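I opened the notebook to record what I looked up in this structure. The entries follow in the order I made them.

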Amino acid sequence: MIIQATRIARDGGVHYLARHLLDKPHENERIEILAGDRVALHDAHALATVKGCRYAVRHWSISPEREMMPAQLSTFLKSIDAEFNVGTDRPRLIVRHVKDGRSHFHVAIAEVDPKTLRVLDCRNDFRRLED
């Protein structure tokens, strides 16, 4: 499985990410929203603005070697939530793209928790994702 993590800047990056994830049916055979919506990205942007953060969204691109069943994806996403202490309150958008007959997933989660205003910890994220 290949996982790439990117921090999306508050200035302009959120709008680009929304277009990439939701508005390019010509580049994907299918786009499925599994959780959240476009509003979640705008909420993440607003939270980052209030907090004064440079980044608004943490974006994980997940490309499994084989097709993932919904239960496998759910287990995997729970492990990411646990590793990064995401919690249940952060705005999020989870999208499945099908391109060339293969699925890959995008997970976009607000950098700032709306209740605590705590920012996601990104230290050693490459190692943590590899684990």
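I take helices (H or I, at least four residues) and strands (E, at least two) as DSSP runs, numbered from the N terminus. I looked up Arg92 under that scheme and found Arg92 in strand E4 (residues 92–99).

Before going on, I noted that this is a predicted model, in which local features need pLDDT of at least 70 and side-chain atom pairs count only at pLDDT 80 or more, while totals for chains, interfaces and linings use all residues. Residues are numbered from 1 along each chain as its sequence is written, and side-chain values use heavy atoms, with hydrogens and water left out.

**Arg92**

Is Arg92 buried or exposed? I call a residue buried under 20% relative accessible area, exposed over 50%, and partly exposed in between (1.4 Å probe, protein chains only). Arg92 has a relative accessible area of 17%, so I entered Arg92 as buried. A polar atom of the Arg92 side chain lies 2.7 Å from the backbone oxygen of Gly87. For contacts I use heavy atoms within 4.5 Å. Leaving aside residues up to four places away in sequence, Arg92 touches Ala35, Gly36, Asp37, Ala40, Asp81, Val86, Gly87, Ala108 and Ile109.

**Whole chain**

I counted four helices and five strands in the protein chain. Read from the N terminus, the order of the elements is β-α-β-α-β-α-β-β-α. The C-alpha atoms fill a box of roughly 40 × 35 × 20 Å along the principal axes.

I then checked the radius of gyration, taken over C-alpha atoms, against the globule rule of 2.2 Å times the number of residues to the power 0.38. For 131 residues a compact globule would come near 14 Å, and the protein chain has 14 Å, so the two agree.

Buried residues make up 40% of the 131 residues. Of the contacts with a separation of 6 or more, 74% are between residues 24 or more positions apart. The exposed area of the protein chain is about 7,400 Å², and carbon and sulfur atoms supply 52% of it. Accessible areas come from the Shrake-Rupley method with a 1.4 Å probe; for residues, only the protein chains shown count as cover.

**Helix H1**

Which residues of helix H1 (residues 13–22) are buried? I listed Gly13, Val14, Leu17, Ala18, Leu21 and Leu22. They cover an arc of only 135 degrees around the axis, so they sit on the same side of H1. The arc is that of the directions from the helix axis to the C-beta atoms. The buried residues of H1 pack against strand E1 (2–9), strand E2 (30–35), helix H2 (38–51), strand E3 (55–63), E4 and strand E5 (102–110).

I also looked up His20, which is in helix H1. At 25% relative accessibility, His20 counts as partly exposed. His20 touches His97 and His106, not counting residues up to four places away in sequence. Between the C-alpha atoms of His20 and Ser79, 59 residues apart along the chain, I noted 25 Å.

**Ile8 and Ser61**

Ile8 lies in strand E1 and counts as buried at 11% relative accessibility. Beyond four places in sequence, Ile8 touches Gly13, Val14, Leu17, Tyr55, Ala56, Val57 and His59. The C-alpha atoms of Ile8 and Glu111 are separated by 9.0 Å, with their positions 103 residues apart along the chain counted as the distance apart.

Ser61 is in strand E3 and is buried, with a relative accessible area of 17%. With residues up to four places away not counted, Ser61 touches Ile2, Ile3, Gln4, Phe105 and His106.

**Aromatic pair**

I found one aromatic pair in the structure. The ring centres of Trp60 and Phe84 are 5.3 Å apart and the planes are at 45 degrees, so the pair is tilted. Rings of Phe, Tyr and Trp (its six-membered ring) pair if their centres lie within 6.5 Å; planes under 30 degrees apart count as stacked, over 60 as edge-to-face and the rest as tilted. Trp60 is buried at 0% relative accessible area, and Phe84 is buried at 1%.

**Positive phi**

Phi of Asp100 is near 55 degrees, a positive value in a residue other than glycine. Asp100 is in the loop between E4 and E5 and counts as exposed at 69% relative accessibility.

Technical notes: A polar contact is a pair of N or O atoms within 3.5 Å; within protein, one must be able to donate a hydrogen and the other to accept it, and residues adjacent in sequence count only if both atoms are side-chain atoms.
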